[in-house]
Amino acid sequence: MTLDVLTVTSTISFAFDLQPAHLVGTGGAIGAVLRHWIYLQFSSERFPWPTLAVNAIGSFVLGFVVFAGVGESTAQLVGIGICGSFTTFSSFSVETVQLYERGDRLRAVVNAAANLLLSLAAIGLAWVIVARGPLAL
Amino acid sequence: MTGDHPLVRLETLALVAIGGFAGSNLRFLATDLLADVPGVLLVNAVGSAALAFLVYEAEYAGLVGRRSRVVFTTGFLSSLTTYSTFAVQTALAGDPLLVAGVVAGNYGLGFAGVVAGRSLARRVADGAGSTVGGGETA
């Protein structure tokens, strides 16, 4: 009996202590699977479109989460978890270096600039929608 | 192993999800221990180097198995690193000097990490032998 009570208590406190980690991790798993699905649909040998797409879309949603002022749990699940995992820096940097080293130097530069500019534009769009759009308070 | 069998696809999804769970949590930990900007900079640099090592290792030697690669590349590393938080940090940095620092830091250390990971993969391959097909970058 004592052991059971101890086990239950420690399980509960463990769950409560790690709640942010559960939210972030669950969001991270969802974001990773969604990204994987995009890569399966839109992979191209010539230009890393899938990475550009996930980075721009994920930046838009994260911008929305940041500007809309959602609660902490939503920010952890959607912002840090889903958007954080859906977008990727490692694939972006490896693909950019691969473009460059196979001789597509212009495409490498365009890819590096396009990821940044489209993501920033997406964040700007999210800001406009939150501040000025139909959802504005 | 056939790549399009439903159970294989299901297994791949499970591996990606597990990697995503772990990677996002490690990133969360890094931004918690350091501040947000250096935390993201650290995971992006380290994640880029590790992904480059695995991608070029697959190209040069192919010692790491397919399942391990899926967990680490598409699951763990791509979730450990992030572009959206980096982009929001850039957008909200305000001070032009800080904007330049965040962009130059992530891009510079990310690309330098790729070159370092590639060199390490070459060194490992030189010690191991045969060449096989390319690896996924995602």
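This note goes through the predicted model, from the fold of chain A to its interface with chain B and three buried sites.

1. **Fold of chain A.** The model is a prediction, so every value below is computed from predicted coordinates. Chain A holds six helices and zero strands. Read from the N terminus, its elements run α-α-α-α-α-α. Of its 137 residues, 42% are buried. Take the contacts in chain A between residues at least 6 apart in sequence: 72% of them join residues at least 24 apart.

2. **Extent of the interface.** On chain A, 45 residues are in contact with 42 residues of chain B. The two chains bury about 3,300 Å² between them. Carbon and sulfur atoms account for 70% of that area.

3. **Polar links across the interface.** How many salt bridges does the rule find between chain A and chain B? It finds one. The partners are A:Glu101 and B:Arg118, whose side chains meet at 2.3 Å, N to O. Polar contacts across this interface come to 22 residue pairs, with both residues at pLDDT 80 or more.

4. **Where the chain A side comes from.** Five helices of chain A each supply at least two residues to the side that touches chain B: α2 (19–42), α3 (49–68), α4 (72–86), α5 (90–101) and α6 (105–132). The largest share is that of α2(A), with 13 residues. Sorted by class, this side of chain A has 20 nonpolar, 22 polar and three charged residues.

5. **Helix α4 of chain A.** The buried residues in α4(A) are A:Gln76, A:Gly79, A:Gly81, A:Cys83, A:Gly84, A:Ser85 and A:Phe86. They pack against elements of both chains. From chain A these are α2 and α3. From chain B they are α1 (6–33), α3 (66–80) and α4 (84–92).

6. **The annotated positions.** Which residues does UniProt list under "binding site"? The entry, which is unreviewed, gives A:Gly84 and A:Thr87. A:Gly84 sits in helix α4 of chain A. A:Thr87 lies in the loop between α4 and α5 of chain A.

7. **A:Gly84.** Is this residue buried or exposed? A:Gly84 counts as buried because its relative accessibility is 0%, and the cut-off for buried is under 20%. Apart from neighbours within four places in sequence, A:Gly84 is in contact with A:Gly79 in its own chain. Its contacts in chain B are B:Arg27, B:Ser79, B:Thr81, B:Thr82 and B:Ser84.

8. **A:Thr87.** This residue also has 0% relative accessibility, so A:Thr87 counts as buried. Not counting residues up to four places away in sequence, A:Thr87 touches A:Arg35, A:Val54, A:Asn55, A:Gly58 and A:Ser59 within chain A. Across the interface, A:Thr87 touches B:Ser78, B:Thr81, B:Thr82, B:Tyr83 and B:Ser84. One link is polar: the A:Thr87 side chain reaches the backbone nitrogen of B:Tyr83 at 3.1 Å.

9. **B:Ser48.** On the chain B side, B:Ser48 sits in helix α2 (residues 36–60). B:Ser48 counts as buried because its relative accessibility is 0%. Leaving aside neighbours within four places in sequence, B:Ser48 is in contact with A:Phe89, A:Ser90, A:Ser93 and A:Val94 of chain A. In chain B, its contacts are B:Val43, B:Thr81, B:Gly110, B:Gly113 and B:Val114.

Definitions and conventions
Residues are numbered from 1 along each chain as its sequence is written. Chains are lettered from A and ligands numbered from 1 in the order in which they are written. Side-chain values use heavy atoms; hydrogens and water are left out. Contact means heavy atoms within 4.5 Å. Buried area is the accessible area (1.4 Å probe) that two parts lose on being put together, summed over both. A salt bridge is a side-chain nitrogen of Lys or Arg within 4 Å of a carboxyl oxygen of Asp or Glu. A polar contact is a pair of N or O atoms within 3.5 Å; within protein, one must be able to donate a hydrogen and the other to accept it, and residues adjacent in sequence count only if both atoms are side-chain atoms. Helices (H or I, at least four residues) and strands (E, at least two) are DSSP runs, numbered from the N terminus. Ala, Val, Leu, Ile, Met, Phe, Trp, Tyr, Cys and Pro count as nonpolar, Asp, Glu, Lys and Arg as charged, and the others, Gly among them, as polar. UniProt positions are given in the numbering used here, feature names are shortened, and annotations may be inferred rather than shown by experiment. Buried means under 20% relative accessible area, exposed over 50%, partly exposed in between (1.4 Å probe, protein chains only).
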